[in-house]
Amino acid sequence: MTETIEPVWGWRREGVRLRGVAWFAVIALSAAGILLSINQIFLLRLFGFSPLSTTYYYMLVGLFMAVAFLAYPAIPKHTDRVPWFDWIVALIALVSCLYLSTQARSIIAMGWELDAPPLPTLASFCLIAVSLEAVRRCGSGILFFICLAFGLFPLFADSMPGVLWGMQYTPLEATRAYSMGLESIIGVPTRILADLVIGFIIFGVALTVSGGGRFFMDMANALLGGTRGGPAKVAIVSSGFFGSLSGSVISNVIGTGAMTIPTMIRTGYPARYAAAIEACASTGGALMPPVMGSVAFIMASFLNVPYSTIMVAAIIPATLFYATLLLQADSFAALNGLKGLPRAQLPKVGATFRSGWIYCLSLALLVYLLLGLSLESRAPYLVTILLIATTIYYNRSNGALRAICDVIMESGVGIASLVGIVAGIGLIVGSLSITGVGNAFSRELVQFANGNLFLILILGAITSFVLGMGMTASACYIFLAVVLAPVLVQSGLNPIASHLFILYWGMLSYITPPVALAAVAAASIAGSPAMRTGVSAMRLGAVLFVLPFMFVYNPALVMQGDAITIAMAAVTATVAIFMISSATERYLYFHARKLAWIETLLLAAGGLLLMTPEHRTDFAGLAILVLVYGRPLLFKSADDTPLQS
């Protein structure tokens, strides 16, 4: 535990852009924001804030938005310094939010969201302007234009046709509603981030900085590195775990892929295949409990259910996805005669565990606090204290202060990124709310589908996929939860299954061309063609296209139902993904040979039949499985020659 991992962001920003005065400014702003959050979550009342005061939200947005402007450059050529205008924009963000925080009581008591004096109105305009610039820097150009379009929408809402018609606002009215209303910039997305998500960002950073990332990578190597195709299995397991904590697909690809992709290539995996494996495994991190990149806590708030309900619901689909990846990696290795790493090059399980048992204890403690004591907002802070204390103890002679600064810096930059994106998304939420279009959109889409559930799901899947391009998992989910989830719920679908459906389809754009951001990032490490890597990732992650339909039509897969129904659904789904994985790689397990094309098509069809929640299709799928596996036993042929392993 004396070795620490260099943070994903820190070496770039801290070593180049954030240095000198900028470094101290970000540390100070981040520390202030973290202390403010701790004060609020633990009800310490050190600064006189009441538990639900909007003062807290304004101050938090101001502090971390200022960090965003210092950490993220306006243009690429400024990655090596913080120019003067970034300081100005950061100051505008900080001052405007701090001013509005001092006026929080007047805003509510005097209804300033409808009509306000000139100075608060000016501060509101500044807040909107910096929110748009923050989402451009922290998010993407696509997300910026979406936020801008929705931000301007109320000015023309009464001139829009059909379902887009809504209540019109003047520029001043819209400005006040966005900045001083409770349904926009400091609305639900910002409140969820401030009340729940920040602690888990800090916990994830503390785990990484203290060496947890290296420990779990070593443990995966010790357990799986020597098996057939071991490096690919290590990449899948370690990326799934790391992604669950970080919630950032691209950071996951870069952080773990830098180690896993070269190892896979050295053991015989083609560069394109190795990059695709890493891209799929990293994308699935936001779908993997226990943390799910903080999306689980946002989802729990939207659905008004305990976090434990979301975490339990996500277990079976996430397990099925990662089991599919492991099976495909193993099948590919079997077909191509790929070995694992030599045992001499792998760490020992016992020694690895002894060196990092504290990380296992931390995770166990986190799960206990979340599920056993329901301390959803406080749990990550309490576990982070344990990690920081461990880091200080093992680095007390050289680097304890540095480790603490790293945690503050990386946490601040990570929180700032989400604050910048969420503030921009607040404009979308506010626009749909104040014009009334949000509810109308859901109602009209249901009427357009005319009760056809499959059509609604297809429209929802396409919408989720398109809007997921270029967004983070949290940002994508928040947007879709406001716009699309009500449509699915109104159609009679299970609410938890509906929200997981849009999350899964929103994440698919990370591995599907033409965008395929995760595949592109992994391809840059592997040195493989980006689009060919994207196609490979889409093929490896094909089960992600099917899983959402499975649990929407069969909510037992998201733990909705009695124990027997859930068990039967899990078993049939497991057999289904086994058949589809075999078909994808054209490998016949147990007989250890390559599948003929007719067998490949039969297994794929059988797997799809098993995914359909009906007894007749289950029997048909199992019959196909028996046919494909039983035929070689009854009719020996030249095609049944086992592969050399």
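Of the contacts in the protein chain with a separation of 6 or more, 77% join residues 24 or more positions apart. The model is predicted. The protein chain holds 29 helices and 2 strands.

**Overall form**
- The radius of gyration of the protein chain is 25 Å, which agrees with the value near 26 Å for a compact globule of 645 residues.
- Along the principal axes, the C-alpha atoms occupy a box of roughly 85 × 70 × 45 Å.
- Of the 645 residues, 58% are buried.
- About 25200 Å² of the protein chain is exposed, and 69% of this area comes from carbon and sulfur atoms.

**Nonpolar core**
- The largest nonpolar core comprises 218 residues.
- Helix α18 (residues 400-435) contributes the most to this core, with 18 residues.
- Leu 18, Tyr 269, Leu 500, Phe 501, Ile 502, Leu 503 and Phe 551 have the most contacts inside the core.
- Beyond its neighbours within four places in sequence, Phe 551 touches Pro 317, Ala 497, Leu 500, Phe 501, Tyr 504, Leu 557 and Val 558.

**Helix α27**
- Helix α27 covers residues 563-585, 23 residues in total, and spans 33 Å from its first C-alpha to its last, close to the 33 Å expected at 1.5 Å a residue.
- At the N-terminal end of α27, Asp 562 acts as a cap, with a side-chain oxygen 3.2 Å from the backbone nitrogen of Ile 564.
- The buried residues of α27 include Ile 566, Ala 569, Ala 573 and the run Ala 576, Ile 577, Phe 578, Met 579 and Ile 580.
- Ser 581, Ser 582 and Glu 585 are also among the buried residues of α27.
- Arg 586, just after α27, has a positive phi of about 55 degrees.

Notes: Residues numbered from 1 in each chain as written. Predicted model: local features only at pLDDT ≥ 70, side-chain atom pairs only at ≥ 80, totals over all residues. Heavy atoms only, no water. Core = buried A, V, L, I, M, F, W, Y, C linked by side-chain atoms within 4.5 Å. Buried < 20%, exposed > 50% of the residue type's maximum accessible area, 1.4 Å probe, protein only. Helix = DSSP H or I, 4+ residues; strand = E, 2+ residues; numbered from the N terminus. Contact = heavy atoms within 4.5 Å. Expected span 1.5 Å × (residues − 1). Polar contact = N/O pair within 3.5 Å; in protein donor to acceptor, adjacent residues only side chain to side chain. Rg over C-alpha atoms; globule rule 2.2 N^0.38 Å. Areas by Shrake-Rupley, 256 points an atom, 1.4 Å probe, with all protein chains shown as cover.
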